[in-house]
Amino acid sequence: MPGGMPPLIPREVLLGNPERSQPMLSPDGMRISYLAPDEGDVLQVWVRTLGKSDDRCVSAERRSIQTYEWAWDSNTVLYRQDNEGDENFHVYAIDLETGNVRDLTPWNGVRCQNTMTSSKRPAEILAVLNVRDRRLMDVWRIDLRTGAATFDVENPGDVERWVADDDLVVRAVRARTPDDGFEVRVRTDSASPWRTLLRTAPDGWVLPIGFNQDGRDLLLLSSLGSDTIRVVAREIESGSENVVAAMDGLDADRVMINPTRHVIEAVAFEPGRRQWSVIDPGIAADFDAIRSLDDGDFRIASRDFDDRKWIVEFQGAHRSTKCFLWDRAAKKADILFSDRPELDQLQLAEVRPIKYRARDGMEMHGYLAIPAGLEPRNLPLVLNVHGGPWLRDYWTFNLWTQLLANRGYAVLQPNFRGSMGYGMKHLHAGDRQWGRAMQDDLTDAVRWAVDEGIADRERIAIIGLSYGGYAAVAGAAFTPDLYKCAIDLCGNCNLFTMIRSFPAHIAMRALWNARVGNPDDPADEELLTNASPIFAADRIRIPLLIALGANDARVKQSESEQIVAAIEKNGGTATYVLYSDEGHGITRPANRMDFLARVERFLAEHLGGRYEPMDGERIAGSSAIVRVVGPKR
C-alpha cells in the first residue's frame, strides 16, 4: 500500500444509497419525513411521528425518488418521478391518512417542470406542465383533495419561469428575449394585463424568486448595475429597487426566504466554503448558535409552520451529511442522523479550495483532493469536469472524488470560465468558447497542478458528466498529448446534432445559439465544426471509456455512437457502455456500481492506481450493454 494510504474502501460503502437523507418537517411540526432505501434498495419516502419510532415507508416506486416536499395540509407528500430517465416527470401525491398514491399529472408524454405552493392555499398546488403544447410550459391548478386539474395561465411562447404570490396567483414571469437577454413581466392580479418590469442585455442575469407578503415587492436575483448577481427587492408599481445582499466578486447563491412571512432572512455566498450573510436580525442568534454545532457548511433544510423547529443539514467534502433538529426557543439541537454513517469511520481525502490563473490572466477557482496518507507530490491526477456547463462545483461530498482519491489519485475540479458563481464576466467569457478558451482553462488547470509539483505529467486523465463528458472527449481530440485516457458519461461529440435533437420541452435554443453557436446559421458552421470532437476524431490516440443512458433526453445515443464509430474507423480504442434503463446520468444503484467499477479499473490500467475488482462481466442487476472497439488488450 503506497505511502501509508488507508485500506481500499469498498464501492458499496461509497456508492451505495444513503442510509437516510433529505429530512423534512411536516408543516404542523408533528411528523418528520426522509428518503431511505426499501428492501429492494430503492429510495422511498418514509414518515415517522416526532418523538416516536413508528417509521413507515409510504411510497412504492421502482426507481429511486430523488426529491420530494410536503404540501401545506400536513397530510400530503408530493414527489416527482419520470419513466426510466426520460425526464417526463409526473407529480405524485401520497395521502398519509389513506395511504393512497395518486398521479396528479397523468398525461402521457407530459413533463412537470416544477410546482408552487402557499400556506394560504394548503389544498392546492400550481404545476408547470406542457399539456397543451409539448414545447411550452403552462400553469395548471390542481386540487389535492379531488385531483382535479384546471388550466390556469397560458404561456405566450417565451416564458421559462413562473412565480406566484402568497395567494397562489401567478404574478411574475421571466421570459428569454431573442438576443439571449431576459425580460421580467408582472401583473397586479389575475385579471390585470402583463407589463414589462425590467429587461437585461445578453450579458445580464435576472431571476424572480418570490414576492414579499403583501405582494408589492418582487424579490430577484439580479446582475443589473453590477457584474455579480445580487439579491434585490423591486417595488412593482414604482420600479424602485433595494439591494438586499451583495458581495464583491461573487454571485449570491442560496437565498433563505421565510415561507410564511416572505422576508429574506439570509443569503449564502460560496467563494470556496459557504458564507452566510444574515439579513433578518430575528435569526441572527440562531445562526450564531448553529455555527458552533459542527465544522461543515450548513443550510436550513426545513421548518414547521410556526417556525419553532428547523432541520439543519451540515455538509462536508470529506464526511457524511449530518442532520439536526433545531429548537429555536431553547437554542438546542438534537442529532437526527448522518446520511452515510459508515463514512465517518473512514479516512477520506481532504478537499481544499484552490485558485489558478488561466493563460489570459483570468482567475479561476476550483477544488483539489489529495489522497489520504499521501504527500501532494508527483501524483496521478484525474481532472473531473463539472456538467452544465453553466453550473459550478461546490465544497461538498462528491462520490466520484472520494472514490478516486481512495484509489490513489489527486482529483482536481476547476470552475472554468462559463461556470456560474463568479460574476457575469466570468460566465460570459465562456460564450462561444466550447473547445476553445473553456477547454484551455482545463488544460491550464492541469498545467497548474504539474507546475505545483502535485501531478505527474505522464499520468493524467480527464473525466466528466454531461458537459464534462464533452470536455473529456474534446480533451482527447484537441490536446491528444496531455491526457493518458478519458472518460465520458452522457457527453456529446457533435454540437450540430446535439442542439438540433433537443426535446421539445427544452426551450433553450436562444441560449444555446448565443452561448455555443447556431447550427442552422452558416456563419457559425466553422465555429461549431472546430468545437465538435467528432470532426477531430482522427487525432484521438488515447483510450476512452464512454457511457450513456439509453433514455437520455438531452444527449442521444447517436452522440456516443458517432464518436465510437469514428474511433474505430481511425484505429483507436474505446469501451462503450449503454445502460438501457437510464437517462441523463446513472441513478440506479446497480448501474452506478457497475459504471464506477469500470471507471476505477480503466484508470488503474492507464494511470496505475488501485481498484476493487468487479466480479463477472457486469455488476448483478445492472443493465449494462458493453461494446469494445480497437486493438485487443
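Biologist: How many disulfides does the structure hold?

Modeller: Quick reminder: a disulfide is a covalent bond between the sulfur atoms of two cysteines. This is a predicted model, and the structure holds zero disulfides. Take cysteine 490: it is in no disulfide, and the nearest cysteine sulfur, that of cysteine 493, is 13 Å away. Turn that around and cysteine 493 is in no disulfide either, with the sulfur of cysteine 490 as its nearest, 13 Å away. A disulfide needs the two sulfur atoms within 2.5 Å.

Biologist: Is cysteine 490 buried or exposed?

Modeller: Buried, with a relative accessible area of 1%. Cysteine 493 is buried too, and its relative accessible area is 1%.

Biologist: On to sheets. In what order do the four strands of the open sheet run?

Modeller: The general idea is that strands of a sheet pair through backbone hydrogen bonds, either parallel or antiparallel. Here the order is β24-β25-β26-β27, and the pairing is antiparallel. β24 (297–303) and β27 (332–338) stand at the edges with a single partner strand each, so one side of each has no neighbour in the sheet. On average, neighbouring strands of this sheet are turned by 30 degrees against each other, direction ignored.

Biologist: How many bridges join strand β25 and strand β26?

Modeller: Six, in the antiparallel sense, between β25 (residues 309–315) and β26 (residues 322–327). For a spot to click on, lysine 309 stands opposite aspartate 327 in β26.

Biologist: Now helices. Which residues of helix α2 are buried?

Modeller: For α2 (residues 284–291), they are Asp286, Phe287 and Ile290. Look down the axis of α2 and those buried residues fall within an arc of 95 degrees, so they line one face of the helix. What covers them includes β21 (252–257), β22 (264–269) and β23 (275–278), along with β24, β25 and β26. Those last three are strands of the open sheet we just went through.

Biologist: And how many of the 15 residues of α5 are buried?

Modeller: 12 of the 15, so α5 is largely enclosed by the rest of the structure. Among them are Met438, Leu442, Val446 and Trp448. The buried residues of α5 pack against five strands and a helix you can pick out: β28 (350–357), β29 (363–370), β30 (379–385), β31 (410–415), β32 (455–465) and α6 (467–478).

Biologist: What span should α5 have, going by its residues?

Modeller: At 1.5 Å a residue, α5 (residues 437–451) should span 21 Å; the end C-alpha atoms are 20 Å apart, which agrees. After α5 comes glycine 453, whose phi is positive, near 80 degrees.

Technical notes. Residues are numbered from 1 along each chain as its sequence is written. This is a predicted model: local features need pLDDT of at least 70, side-chain atom pairs count only at pLDDT 80 or more; totals for chains, interfaces and linings use all residues. Side-chain values use heavy atoms; hydrogens and water are left out. Two strands pair if DSSP finds at least two bridges between them. Helices (H or I, at least four residues) and strands (E, at least two) are DSSP runs, numbered from the N terminus. Axes are lines fitted to C-alpha atoms, for helices over the stretch in contact, and angles run from 0 to 180 degrees between N-to-C directions. The expected span of a helix is 1.5 Å times one less than its number of residues. Buried means under 20% relative accessible area, exposed over 50%, partly exposed in between (1.4 Å probe, protein chains only). Contact means heavy atoms within 4.5 Å. The arc is that of the directions from the helix axis to the C-beta atoms.
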